[in-house]
Structure formats: C-alpha cells, structure tokens
Amino acid sequence: MIEPHAPAPPGAPPPWGVQGQARLPVRPGIGRFLVLAGVFVCAACGLVYELELVALASYLIGDSVTQASVVLSVMVFAMGIGSLAAKRLRPRAAAGFGAIEAALALVGGCSAMALYAVFAWTGDWGGPWANGSRYLLVAFSLTIGLLIGAEVPLLMELIQRIRRQDPGGAVADLFAADYVGALVGGLAFPFLLLPLLGQLTGALLTGTVNAVAGGALVLGLFRGDLTRRARWVLLIANLVVLGLLASAAVLVDDFERAARHAVYGMDVRVALQTDVQEVVLTGGTHGRPLHLFLDGRLRVSGRDEDRYHEALVHPAMNGPHARVLILGGGDGLAAREVLRYPGVRSVDVVELDAGVVRLARRDPALSALNGHAYDDPRVHVMTSDAFHWLRSAPSTYDVVISDLPDPGITDSTKLYSQEFYGLAHRVLAPDGRLAVHAGPVASRPRVFWTVDRTIRAAGLLTAPYRVGGRDSGFAAGPDRTAGGTSKAPRDWGFILASASRTGVRLSLAPHGPRLRTLTRAGLAADARAASRTRVTAGLPPSTLVHPRYAD
C-alpha cells in the first residue's frame, strides 16, 4: 500500500537526491529535448531487439507462440531486475548510461548472428547441444532485458540533472518518448528492416544506431559530468563496438552463406526471402535429388515426394473430379497428380506465397519435377490466404485438396480449425471429397487424431490413413531443434473426408492413371495402420479461439 504524503514544495530537490545541475554545452531546454530524443531512439532500438529475437527464434526453433512468450516474459522480468540494479549507478548516471548503451548495442546487434550460428553449427550435435538455440535465446532475452531496464532510472536521473521538476511530470515526459519510440521501432522492424535488410543486417544496423545515440548523448551533452579518463574509456568502448558491428556487417553475407550450407548442405542452388517466408532449393542437378525448404522446414524431397503426393491426391480423385481446388501446393506437385486424370476441366490453386509459384514455374529442376503443371491452361492460381479465400469462394468443387504445412506450426493452426473445415465443407459438391495432409501419425498421434476430430466436428465423415517410407530425416514439423534429425517423422498422415458415405470409401479410381507407389491393397493396409494409433480420450476439436495442436 502506498502511504499518503505531502507534496514537496516548489523548487525542492527530488527525494532521491539529485546533485547539482549538469554543466551542459547547450541551453537546458535544448538539453532536455536531446535527452528525450535519446530516449526515443533507445526505445525504438530496444523493441527491435525484442522483435528480432521473437522472429528469429520462431524461424529457427519453431512454434512462434511459445518463443514469443519466452522472450517477452523473460525480457520483462529482466527489465525489472535491471531497473533495481541501476539504482547503484545513479551517482554516476552519465557514465553508467554510456556503458549500458555500448553493451546493449553490442549484445543486441550481434544476437541474431549468434543465435543463427549456434543453430547452424551445433543443432545436429545431439544431447544438450540440440537445445543450444533455446538456451541462448533465454540468455539474450535476459541480458537485453537487464540492460533495457537499467536505462530508465539513469535517464530519469539525467533529465532531472538538466532541469528539476516534479517526479510525475518527468516520468510522463520520459515514458511518452519511450512509448513513441517503441511504436516507431515496432513498425520499422516488419515494414523496413526485415524486408529490406533481413534479420542479421537489420540487427547490426540497430546496434549501430543504438551505440551512436547513446555515445553521442553522453559524450556530447554530459561530458562535463565525466572525468577525462571516463570520456576516453567510453569513446574507445563505443569505437570498438562500432568497429565490431561494422566488421560483422561486411562479413554478414559470407556468414549467412556458410551457415546456410551448414544447415542445408553444400548443394544450395536458390535462397530467397519472399514476402512470406525464406525459400531454399537444394539439388535438382547432376542426378542429385531436389529439396525445397520453406522457412527452414523440408517441404518437398525429390526422394520421396511421389509417395506423399500420390497418397494425398489419388484417393480423393475416386469419383467426380471435373473441378478441383488445391489449397496450398504452390510447388505444383499436387497439381501434377491431379492433371493426370483426363476428366479434369479446371484446377484452382490458392497459394499464399507468389514467390513459391514463380519458382515452381521458372526453376528448371522444380518445374520439371511438377511436370510443368503451371503451363497447363486448366490451372489457375490465386495468391491469397486459403482461409480468407474460402470465405468468398465463387463456386463449388468436386475435389478439395488441402496441401498445407504441418498443423502444429502456429501460422497453420487456423488452417486446421473447425471453422476452416466448415468453409471447405461449404465449397464441396454434394458428393465431393476433401483430402487433408494432417501431419505425421507415428510421432504425433494426438495431433493427427485432433485433425480428424476437428473435421468430423465440421459435419464431414472421415477415413484416416497413413503412408510410410518417408526418406528424409530433416525436421518438417513445428519444432526445428528438439531431438535432432534422428526423431524426425518417418510417415505422413492423411484424412479423406466427405459429407456422403460413398465419398469416404478409401480406394483408387478404377480407371485412373498408373501409380508408382500407391496400390489399393497398400492403401487399405495404410488405413489399418493409422487406425491402430487412434486416440479418442480428451480430443475436442480445434477452433480459432482454442487451438489444440500442441503435443
């Protein structure tokens, strides 16, 4: 409980004992403005560090909700500890603030490179090293939070050293500049730094701005509060920090190339950042199998993609299939399988990332693998989020194929919700079939059967099945690090759904194309294998407001 107290008389010194007024090279009004401008810049940089940790952790580790929660909670806790610890530095507020900003610029600016390096070079060592990225994420969140928290008491001391005022007014001015700076930093990260510079260079540039702002404020405005030795130490420290950040910026392209090779192997042919995700292609030439990675997760492997796409597409094509809708599948491989049926009149592909579709059209290896599906006049591409597109879908379809990322990935959760399948149900013809990629069965049975339960909650009958023989061990699901590649999924799970009982008869079209890996007997065996993993207890459907795909 806060005890009531009488207000201090006008002009009385603050209760925390501010020393005399600072000796400034400018008038107090200008000095006060410069301090608030420094608060603005430092707040913007601090929020960029925070967002950069969240974004990079979500990309490297997976499950963005968990990583965001870890970063934010640890950082806010550390800010409180840093604020308490900074009370000891108030008698030397200028020197302390300068040292903290130099340290924050170095730690925050280099955090992205350090996280990426640990993930790239130690992520497959196994044992405790498999979680090295997690440990380092917590360490950076803690350190950056401590340094950011220490800024506020010292800035309060400095602003009172310029011109004394009541604590409430000083706090209001300080926090106003801080929150506006946070707004600018929060908007600059997704709209400027990330698309134009990328995560590594963006973090380095932010550290540079942080070091320049902090150093200039202390050495330019409060140099009279520093001894000659302190000025030189602070100047040299800032020059060293700027030199390290500049050197890292010069080497960042080589570093990123080496780290990418450490993660994907030496056969990287294409690496690009689209408006949606990072896309990497390896192999596909000189007899080497092609691999397509989206945000670091293996989406297509030339060694086993035929098993996946045949199992996803062909059971759904057993029946009328004149009009087909593919949700996702920008690589064109599901469309390739659909176009093998002569009765297909139109194929609509709804893909969020236009960059993937361009690559599937133009890359020689990928376009050859998808049979140049996008050159077929029956294929029409809509660049849109599948959920939003279904809400205004113009017509109904005989077949809907949901070729989407793993349901455990946070960005995909809404695409495996009861609301999503309700929309898919609405665009199905009366005897139409919906085929869903539902994640691995053996390694994540609760997730797979939650998808089944969710589809049934949307009013559809289901026929679950699985296909084994997944060749690649690279992580494909929501967790990029836990367990290493040895525990990567070795099967795919699928669900055939329909509003009619005839639509969920799990079989192949009697006069369909000749398949390489899938047979009627094998499909029946795959359905029995999936049913043996059935989980029934405690599996309510997943909805938009209550997602249920965490293991």
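## Buried sites, cores and salt bridges in a predicted model

Asp 331 has a relative accessible area of 5% and is therefore buried, the limit for that class being under 20%. The model is a predicted one, and every value in this report is computed from it.

### The annotated binding site

Asp 331 is one of two residues that UniProt, in an unreviewed entry, lists under "binding site", the other being His 309. The two span 23 residues in sequence, yet no two of their C-alpha atoms are more than 11.2 Å apart, so they gather at one spot. Asp 331 belongs to the loop between β5 (323–328) and α8, whereas His 309 is part of helix α7. With a relative accessible area of 1%, His 309 is also buried.

What does Asp 331 contact once its neighbours within four places in sequence are left aside? Its partners are Leu 292, Val 300, His 309, Val 356, Ala 360, Leu 366, Asn 370 and Tyr 374. His 309, with residues up to four places away again not counted, touches His 314, Asp 331, Leu 333, Ala 334, Arg 336, Glu 337 and Asp 403. The two annotated residues are thus in contact with each other, and Val 356, a partner of Asp 331, reappears below as a member of a nonpolar core.

### Membrane annotation and nonpolar cores

The unreviewed UniProt entry also lists residues 33–61, 67–86, 98–123, 135–159, 171–194, 200–220 and 232–252 under "transmembrane region". In the model, residues 135–159 are 100% helix and 0% strand, with their end C-alpha atoms 37 Å apart; residues 200–220 are likewise 100% helix and 0% strand, and there the end C-alpha atoms lie 30 Å apart.

The largest nonpolar core contains 67 residues, and those with the most contacts inside it are Val 35, Leu 53, Leu 60 and Phe 97. Two or more residues are supplied to this core by each of α1 (28–60), α2 (64–85), α3 (93–122), α4 (132–162), α5 (167–221) and α6 (228–264), and α3 gives the most, with 14 residues. Phe 97 touches Cys 42, Glu 151, Leu 154, Leu 155, Leu 158, Gly 214, Leu 217 and Val 218, when residues up to four places away in sequence are not counted. Apart from this core lies another, of 49 residues, which includes Val 279, Val 356, Ala 373 and Ala 435.

On the surface, Leu 183, Leu 187, Phe 191, Leu 192, Leu 196, Leu 197, Leu 205 and Val 209 form a nonpolar patch, which has about 790 Å² of accessible area in total. One of these residues, Leu 197, is placed in helix α5 and counts as partly exposed because its relative accessibility is 37%.

### Salt bridges

The count of salt bridges in the model comes to 21; three of the pairs are set out here with their N to O distances.

| Acidic residue | Basic residue | N to O distance |
|---|---|---|
| Glu 256 | Arg 260 | 3.1 Å |
| Glu 310 | Arg 340 | 3.8 Å |
| Asp 385 | Lys 414 | 3.3 Å |

Glu 256 and Arg 260 both lie in helix α6, four residues apart, which is about one turn of the helix. Glu 256 is partly exposed at 24% relative accessibility, whereas Arg 260 is buried, having a relative accessible area of 13%.

Why can the bridge from Glu 310 to Arg 340 be said to tie together separate parts of the sequence? Glu 310 lies in helix α7 (residues 305–313) and Arg 340 in the loop between α8 (333–338) and β6 (346–351), so the pair ties together parts that are 30 residues apart in sequence. Glu 310 is buried at 0% relative accessibility, while Arg 340 is partly exposed, with a relative accessible area of 27%.

The bridge between Lys 414 and Asp 385 likewise links distant parts of the chain, with Lys 414 in the loop between β8 (397–403) and α12 (418–427), and Asp 385, 29 residues apart from it, in the loop between β7 (379–383) and α11 (386–391). Lys 414 counts as partly exposed at 27% relative accessibility, and Asp 385 is buried, with a relative accessible area of 15%.

Salt bridges that share partners also join Glu 305, Asp 306, Glu 310, Arg 336, Glu 337, Arg 340 and Arg 516 into one network. Among these residues, Arg 336 and Glu 337 are also touched by His 309, a residue of the annotated binding site.

Methods
Residues numbered from 1 in each chain as written. Predicted model: local features only at pLDDT ≥ 70, side-chain atom pairs only at ≥ 80, totals over all residues. Heavy atoms only, no water. UniProt positions renumbered as here; feature names shortened; annotations may be inferred. Core = buried A, V, L, I, M, F, W, Y, C linked by side-chain atoms within 4.5 Å. Buried < 20%, exposed > 50% of the residue type's maximum accessible area, 1.4 Å probe, protein only. Contact = heavy atoms within 4.5 Å. Patch = residues over 30% accessible without salt bridge, like charges linked within 9 Å, V, L, I, M, F, W, Y side chains within 5 Å. Areas by Shrake-Rupley, 256 points an atom, 1.4 Å probe, with all protein chains shown as cover. Salt bridge = Lys/Arg side-chain N within 4 Å of Asp/Glu carboxyl O.
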